[in-house]
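Subject: Structure handover

Hello,

Here is the structure I promised to pass on. Please open it next to this message, and then read on for what I found.

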Amino acid sequence: MPDRLVHGIHSRGALPHLKRAGANYFVTFRLAGTLPREVLARLKHERQSIIQAALAANRSLTWQEQTELFKWYSERVDNYLDASHGDCWLRREDIAVLVATALHFFLDERYALHAWAIMPNHVHVVVRPELPWTLSKILKSWKNFTALEANKLLRRIGQHFWQDESYDHWCRDDDDRARCCSYTVFNPVNARLCAAPEDWPWSSAWRGCPRWKERLGATAVGQTSGLPVPGASGPSAQAHSSQT
């Protein structure tokens, strides 16, 4: 029987997770407390019509269902997160450095990282796990390490840093991966944190020379996907951001 953390559908009681061996994923993980209980309840009700049939039949989500779930996510969850509700510890430079460093520590060993953006209260990545590493193990490694170290910086004891549940979307093909990379690097623009993707220092689109560049290595900067990302630079950037 195949491992569903590698290939298949599994659930930890909140969102269903569709896995494909060798696939790329768009993933979001967020700080604890960023979505209040009443907001979570409303969102859960909204998405139930999309996932109920798949879970009841113990089958993978269809591509149409995946597309609908991604649209639901981007229009509901991410818009709420972009309003910077809850604690926004990732605004702190020392904590943003910590997370960026963790994202790149096992780069090209455990995973390929096509795009990433650290927002004030959540993180987006487009990632491809390298076998035998699963997406679940990679996320657990990132979150466990950064939670421990961030709480030390914040002088907090026994408090959750990250929300347990994360959101992931299987990228069906290269075009879908490119769309997810574009979505990732444009998130700071659409959240009105900067004018263009390359202006945000905590993103793979940034073309500057960060103080943490030496800690991450040259590959951490300007490595937004192996594919063109429409509007990520140049005169088309503003037009793209105005569409969302």
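Arg128 and Glu130 form a salt bridge, with the closest N and O atoms 2.7 Å apart. Note that this is a predicted model. Both partners are partly exposed: Arg128 has a relative accessible area of 24%, and Glu130 has 26%. Side chains of opposite charge can pair when their charged atoms come close.

The structure holds 4 salt bridges. Asp94 and Arg92 form one of them, and here too the closest N and O atoms are 2.7 Å apart. Asp94 is partly exposed at 32% relative accessible area. Arg92 is partly exposed as well, at 33%.

Another salt bridge joins the side chains of Asp176 and Arg179, at 3.7 Å from N to O. These two sit 3 residues apart in helix α5 (residues 174-190), so about one helical turn separates them. An α-helix has 3.6 residues a turn, so residues three or four places apart point the same way. Asp176 counts as buried, with 5% relative accessibility.

Now the overall layout. The protein chain has 7 helices and 6 strands. Their order along the sequence is β-β-β-α-α-α-β-β-α-β-α-α-α. The chain has 244 residues, and 52% of them are buried. Take the contacts with a separation of 6 or more: 67% of them link residues 24 or more positions apart.

Next, helix α4 (residues 135-154). Its 20 residues should span 28 Å at 1.5 Å a residue, and its end C-alpha atoms are indeed 28 Å apart. Where do the buried residues of α4 fall, seen down its axis? They lie within an arc of 155°, so they line one face of the helix. Among them are Leu135, Ile138, Leu139, Trp142, Ala147, Ala150 and Leu154. Polar residues are on that list too, including Ser136, Lys143, Thr146 and Asn151. On the other side of α4, Lys140, Leu148 and Lys152 are exposed.

Leu153 also belongs to α4. It is partly exposed, at 38% relative accessibility. Beyond its neighbours up to four places away in sequence, Leu153 touches Arg92, Asp94, Ile95 and Leu98. Two of those contacts lead back to the salt bridge between Asp94 and Arg92. Leu153 and Asp94 are 59 residues apart along the chain, yet their C-alpha atoms are separated by 8.2 Å.

Helix α3 covers residues 93-105. Its 13 residues should span 18 Å, and the end C-alpha atoms are 18 Å apart, which agrees. This helix is mostly covered, with 10 of its 13 residues buried. Ile95, Val97, Leu98 and Leu103 are among the buried ones. Thr101 is buried too, with a relative accessible area of 17%. A polar atom of the Thr101 side chain lies 2.7 Å from the backbone oxygen of Val97.

On to the core. In soluble globular proteins, nonpolar side chains tend to be buried together. Here, the largest nonpolar core holds 57 residues. Which of them touch the most other members? They are Leu90, Leu103, Val123, Val125, Trp142, Phe161 and Trp162. Phe161 has contacts in several places, leaving aside neighbours within four places in sequence. Its partners include Leu31, Ala32, Trp89 and Leu90. Ile95 is another, and Ile95 is one of the buried residues of α3. Phe161 also meets Ala147, Ala150, Asn151 and Leu154, and these four are buried residues of α4.

Last, some backbone points to look at:

- The peptide bond from Leu131 to Pro132 is cis, with omega near 10°. Pro132 lies in the loop between β5 (122-129) and α4.
- Ser84 is not a glycine, but has a positive phi of about 60°. Its place is in the loop between α2 (63-82) and α3. Ser84 is partly exposed, at 21% relative accessibility.
- Arg155 has a positive phi near 60°, again in a residue other than glycine. It comes just after α4, in the loop between α4 and β6 (167-171). Arg155 is exposed, with a relative accessible area of 80%.

Best wishes

Terms used: Residues numbered from 1 in each chain as written. Predicted model: local features only at pLDDT ≥ 70, side-chain atom pairs only at ≥ 80, totals over all residues. Heavy atoms only, no water. Buried < 20%, exposed > 50% of the residue type's maximum accessible area, 1.4 Å probe, protein only. Contact = heavy atoms within 4.5 Å. Expected span 1.5 Å × (residues − 1). Arc of directions from axis to C-beta. Polar contact = N/O pair within 3.5 Å; in protein donor to acceptor, adjacent residues only side chain to side chain. Core = buried A, V, L, I, M, F, W, Y, C linked by side-chain atoms within 4.5 Å.
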